Amino acid sequence: MLASFSRSAARASTARVFSRSFHASQSANVRNVPLFINGEFRESKSTSHTEVVNPATNEVVALTPNSTPAEMQEAVDAAAAAFPAWRNTPVSTRARVMFRLQALIEKHTGEIASAITEELGKIEADARGDVFRGYEVVEHACGMGTHIMGETVENVGSNVDTYSYRQPLGVTAGITPFNFPAMIPLWMFPVAITAGNTMVMKPSEVDPTASTIIARLAKEAGVPDGVLNIIHGTHDAVNFICDDKDIRAVSFVGSNQAGMHIFNRAGATGKRVQSNMAAKNHCTILPDANKEHCLNALTGAAFGAAGQRCMALSTCIFVGDTKKWIPELAERARKLVVRPGTDPKSDIGPVVSAKSLKRIESLVQSGVDQGAELVLDGRGIKVDGYESGNWIGPTILSGVSTDMDCYKEEIFGPVLVCLEADTLEEAIQITNANPYGNGCAVFTRSGAAARKFEHEIDCGQVGINLPIPVPLPFFSFTGSRGSFAGSTNFYGKDGVRFFTQTKTITSMWREEDINEGVATAMPLLK
């Protein structure tokens, strides 16, 4: 059952606990990121931590603890203890909690977005978009009563009916990446807990504050103690989640290396796993495309969020004479303003870390060394007042071939690699030969060409005259091939299936009470 005390009392209590934990042990404005276990924010007893750095200044703003084994076990134990009562809470009651959470997220969008900007560097509009796309999943979870409906067939035999339920699994876990610190947690726990599960989340140690704020709002919305828990850490925390015997399912978004490790290690213990991983999203431009629309869309999709999106259009195939459009594309990209996310004039913020910046610059240089033309070079950019930040401006490499490292690797920065093809068929062949299948796009005015593309392309999500085709939550996020490993995809119908199991009941009720004796043959439903 839900906590009996009033929501106003809960808000006051939560605010006090959160304030004490979140702001304790400050030194030179560096805060300690709290754990959230069994409805309480608390400081970790760990002596090791990860520094949370503002990428615009490279100043440390917080310390993320590496949770101790005892703390991680306490989180799982709390989730396991909360599960029986929560699964028996009416689905309509669980949905009302999501309605309240939805309203609270809308009210506190600015607070969450500010934390994202400080710790990740996103510009304000993009940080708010991060929150909103997660908000939409909460909105969809409000209809869970419909989403978990089973199936019924009466009279499958004489006096025999068969029907099914979708039931929760138990304790689940979510491991989230740095690049969407609000959206991805909201892909996971609202679906999981509204379906009747409990969850232990491990947000990215790089930017955990958005998840912490959302957990505070979840408690205020009425999520009972133990239903949602947050631990912190790196490899040890991930391995703990993979190995723990009480965790039934693991949801992950991040790199291929981590994703396949989780898929294999958690899968070996019988857990369900959904693992969304790296991408190399291709955009195909046909000669009949609307040039203005196409170039504007490509500029935003390639360089927005500093290219740190798993659905960024990082690769473009120019078909036929459209390769002549590349200089115009470069002019648009050159006009984008690179500044801190707090600057209203900024179009592109910093990349997340100095390590990431070094890797991006190295891959750009590898392209030049291997024969690509550097049409636009964003390396070495200086931002007045923020000279220590992780800055790289829009960068374009043309004449790229599929054997170059800049093509084969996911760069995850504001870098667009440009290839050329003579025909639509060749562009489709190039895209399908790439190991990743998260998403792709085509720009054309031809319905026939668009239909050929959508039917023959081997990617999970396809945009037609739309650069970033991320589905709304009543569909599912359907990355495929090397971009996904696991049973079912994220949110939508697939997300509900992932966090539930089907129980099928076949029952016989007869008016007569006849003793037929013992039968040893296989029963036949006639």
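**Exercise 1.** Determine which residue in E5 stands opposite Arg-31, and place this pair in its sheet.

*Solution.* In this predicted model, Arg-31 stands opposite Ala-62 in E5. Next, consider the strands concerned. E1 and strand E5 (residues 59-65) run parallel and are joined by two bridges. The sheet itself is open and consists of three strands in the order E1-E5-E4, with mixed pairing. Strand E1 (31-32) and strand E4 (49-54) each have a single partner strand and stand at the edges, so one side of each is left without a neighbour in the sheet.

**Exercise 2.** Identify the helix that lies across E1, E4 and E5, and state its angle to E4.

*Solution.* The element is helix H4 (residues 109-120), which lies across E1, E4 and E5. Its direction relative to E4 is about 100°. A further step concerns charged side chains: Arg-31 is linked with Glu-118 and Glu-119 in a network of salt bridges.

**Exercise 3.** Locate Lys-323 and Glu-420 in the chain, and establish how their side chains are related.

*Solution.* First, the distance: the closest N and O atoms of Lys-323 and Glu-420 are 3.9 Å apart, and the two residues form a salt bridge, the cut-off being 4 Å. Second, the positions: Lys-323 lies in the loop between strand E14 (313-319) and helix H12 (326-334), whereas Glu-420 belongs to strand E17 (residues 415-421). The pair is 97 residues apart and links distant parts of the chain. Third, the exposure: Lys-323 has 38% relative accessibility and counts as partly exposed. Glu-420, at 41%, also counts as partly exposed.

**Exercise 4.** Describe the salt bridge between Lys-452 and Glu-456, and give the separation of these residues within their helix.

*Solution.* The side chains of Lys-452 and Glu-456 meet at 2.9 Å, N to O. Both residues lie in helix H16 (residues 447-456), where they are four residues apart, about one turn of the helix. For the exposure, Lys-452 has 26% relative accessibility and is therefore partly exposed, the class between 20% and 50%. Glu-456 is likewise partly exposed, with a relative accessible area of 40%.

**Exercise 5.** Classify Arg-42 and Glu-40 as buried, partly exposed or exposed, and state what joins their side chains.

*Solution.* Arg-42, with 23% relative accessibility, counts as partly exposed. The relative accessible area of Glu-40 is 43%, and Glu-40 is partly exposed as well. Their side chains meet in a salt bridge of 3.6 Å, N to O. The structure holds 25 salt bridges.

Notes:
Residues numbered from 1 in each chain as written. Predicted model: local features only at pLDDT ≥ 70, side-chain atom pairs only at ≥ 80, totals over all residues. Heavy atoms only, no water. Buried < 20%, exposed > 50% of the residue type's maximum accessible area, 1.4 Å probe, protein only. Pairing = 2+ DSSP bridges. Contact = heavy atoms within 4.5 Å. Axes fitted to C-alpha atoms, helices over the stretch in contact; angles between N-to-C directions.
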